[in-house]
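Colleague: Before I rely on the vocabulary used for this model, I would like each term set against its definition. Could we go through the terms one by one?

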Amino acid sequence: MAYISQQLLNMLQLGSIYAVIALGYTMVYGVLSLINFAHGDLFMIGAFLCFIATAKLHLPFVVVLAVAAIGTAVVGMAVERLAYRPLRAAPKVSAIITALGVGVFIENLTLAISPYPRHVPEMIPNVSWNFNGLTVSSIAVLVVLLSVLLMAALDFIVRKTRYGMAMRALSWDIKTLPLMGVSVNAIIALTFAIGAGFGGAAGTMYAMAFPVIDPYMGIMIGWKAFIAAVVGGIGNIRGAMLGGYILGAVETLAAVALPSTYRDFIAFTLLLILLIFRPNGILGQPKTLKV
Amino acid sequence: MPPTMLSIENLTVSYGTIRAVRGITFKVQKGQIAALIGANGAGKSSLLRAISGMVKYGGEVKFNGTNIKGMAADKIVALGITHIPEGRGIFGNLTVKENLTLGAWLRRNDPEGVRKDYEHVLGLFPRLGQRLGQLSGTLSGGEQQMLAIGRALMSKGDLILLDEPSMGLSPVLADEIFRIIDEINRAGVTILLVEQNAFMALQLADGGFVMENGQLTLEGAASELLTDPRVRQAYLGV
Ligand SMILES: Nc1ncnc2c1ncn2[C@@H]1O[C@H](COP(=O)(O)OP(=O)(O)O)[C@@H](O)[C@H]1O
Ligand SMILES: [Mg+2]
């Protein structure tokens with residue numbers, strides 16, 4: 001019993017991180033129908049910014065989180081401005097190829113600056129509580145709480161604020177939106193800032209839970225979170241959260257039942273099977289950004 | 001003669017090799033309704049898209065004396081030009097209320113005025129008031145046109161470019177829409193009205209222009225155009 005609860009908790013922690021990354025994919029896709037394949041690498045940048053803020057600058061946790069999220073948001077906006085905006089009128093495939101290229105560029109840039117894996121020091125005191133054999137760590141609690149908070153914030157932004165309204169309008173009809181006096185460039189920049197900012201926050205959460213980071217960490221985790229977004233129904237905010245938790249669960253359970261080398265194989269297989277039955281994801285693929 | 005509000009000079013619009021507008025020159029006076037009529041494909045919508053900055057063009061467009069060529073579409077809205085595009089341009093995934101709110105995007109510093117205009121729009125179109133929380137994609141064609149006009153009023157422009165408001169509407173609804181266009185104009189808004197329903201448009205308008213194959217072929221007072229044999233034969237079916 002305690003063992004199962006323990007695994008459930010692990011699932012929740014991992015799923016929370018996937019969910020926050022998946023939200024970044026879904027934001028950009030939901031608004032622009034563009035899959036930002038560099039998103040996994042933005043997540044990695046977030047983890048490295050977290051490392052710098054923690055190991056080099058010794059900043060307190062809340063500031064570390066802000067530095068990582070805002071720093072990554074700025075990088076995300078720069079990527080949009082320099083790589084995607086010039087291609088906005090070009091066929092979608094050009095943007096996808098560019099996105100992959102941007103990802104490789106970011107990886108190699110990081111590799112050039114800091115090629116070795118880094119150990120991220122503790123950001124909050126790592127306390128564990130014991131409930132009838134179930135160990136709950138302060139880190140797991142914080143990771144789960146943060147993800148819930150971030151999701152609620154995003155939900156609020158998209159549904160209730162004027163900028164969220166403009167994002168939804170943009171996803172419906174990008175040509176007509178300027179006729180309302182709205183700057184499409186500004187709304188797209190904001191969308192990328194939020195999407196990348198979530199990647200940066202997720203990088204911090206990851207570094208807190210799994211404190212060894214390296215320049216290639218964004219590739220595998222990025223792909224997984226992307227699949228989580230697709231499984232939930234890409235473009236759908238609640239779907240991204242659901243997909244993230246499902247992926248976390250599948251991975252954790254696979255690791256319990258089978259040798260750990262099978263983990264990714266099992267996880268991907270199950271997700272692919274799921275997609276055969278629900279090709280548009282669990283919550284369906286909307287034409288536009290959905291909450 | 002009232003002052004010129006909109007001045008178009010030798011305007012051309014091309015899509016690749018298709019030359020949709022081929023050198024058009026005309027003026028719209030402040031406070032007027034100018035009707036632009038012409039068959040499908042004549043280039044009317046392209047002309048409006050040029051004025052509102054949605055497409056690149058050759059020639060000049062001046063609004064209240066200011067050259068607005070090359071300005072971004074959202075900046076042109078800020079100057080006071082509101083374009084209700086062909087097909088209405090409703091954001092179907094937003095509620096009726098959100099669409100109206102979006103129309104007032106640039107009026108953040110004027111919440112009092114926005115609230116007044118909101119009440120005014122709901123007074124003009126009571127049917128919108130009953131559907132504020134409804135997704136606007138589920139509205140009927142007539143209701144969507146009302147929403148498009150209502151939303152345009154929320155941006156409080158001095159000039160409204162209106163592209164075929166009667167398209168797809170029953171005669172009764174079209175009458176209703178034209179009555180409201182008249183009311184808006186009486187309140188001081190200048191209107192450039194593109195229509196295929198030449199009869200209704202010319203009855204309402206002060207001046208009219210006839211467009212064929214990207215060029216102006218006739219222009220004059222609306223009352224004259226209504227009795228012009230060429231207009232009667234080609235556009236009024238008599
Ligand atoms: N986006 C576009 N791409 C290519 N051709 C277009 C486009 N929009 C309009 N056209 C062409 O330009 C010409 C004028 O079209 P339009 O301005 O829509 O005329 P109207 O509004 O009078 O029906 C037509 O031949 C049309 O096919
Ligand atoms: Mg047209």
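Colleague: What makes the crossing of helix 2 of chain A and helix 3 of chain A right-handed?

Modeller: The crossing of these two helices is right-handed, a word used if the near helix is turned clockwise from the far one by less than a right angle, whereas anticlockwise would be left-handed. This is a predicted model, in which local features need pLDDT of at least 70, side-chain atom pairs count only at pLDDT 80 or more, and totals for chains, interfaces and linings use all residues. Residues are numbered from 1 along each chain, chains are lettered from A and ligands numbered from 1 as written, and side-chain values use heavy atoms, without hydrogens and water.

Colleague: Why are helix 2 of chain A and helix 3 of chain A called oblique?

Modeller: Helix 2 (residues 39-56) and helix 3 (residues 61-84) of chain A cross at roughly 140°, their axes coming within 8 Å. Angles under 35 degrees count as roughly parallel, over 145 as roughly antiparallel and 65 to 115 as roughly perpendicular, the rest being oblique; the pair is therefore oblique.

Colleague: And why is helix 1 of chain A called roughly parallel to helix 5 of chain A?

Modeller: Helix 1 (residues 2-32) and helix 5 (residues 138-160) of chain A pack at about 25°, with axes 8 Å apart, and that angle makes them roughly parallel. Their crossing is left-handed.

Colleague: How do you know that ligand 1 has polar contacts with Gly41(B) and Ser46(B)?

Modeller: A polar contact is a pair of N or O atoms within 3.5 Å. An oxygen atom of ligand 1 lies 2.7 Å from a backbone N or O atom of Gly41(B), and one is 2.5 Å from a side-chain N or O atom of Ser46(B), so both pairs qualify.

Technical notes. Polar contact = N/O pair within 3.5 Å; in protein donor to acceptor, adjacent residues only side chain to side chain. Axes fitted to C-alpha atoms, helices over the stretch in contact; angles between N-to-C directions. Helix = DSSP H or I, 4+ residues; strand = E, 2+ residues; numbered from the N terminus.
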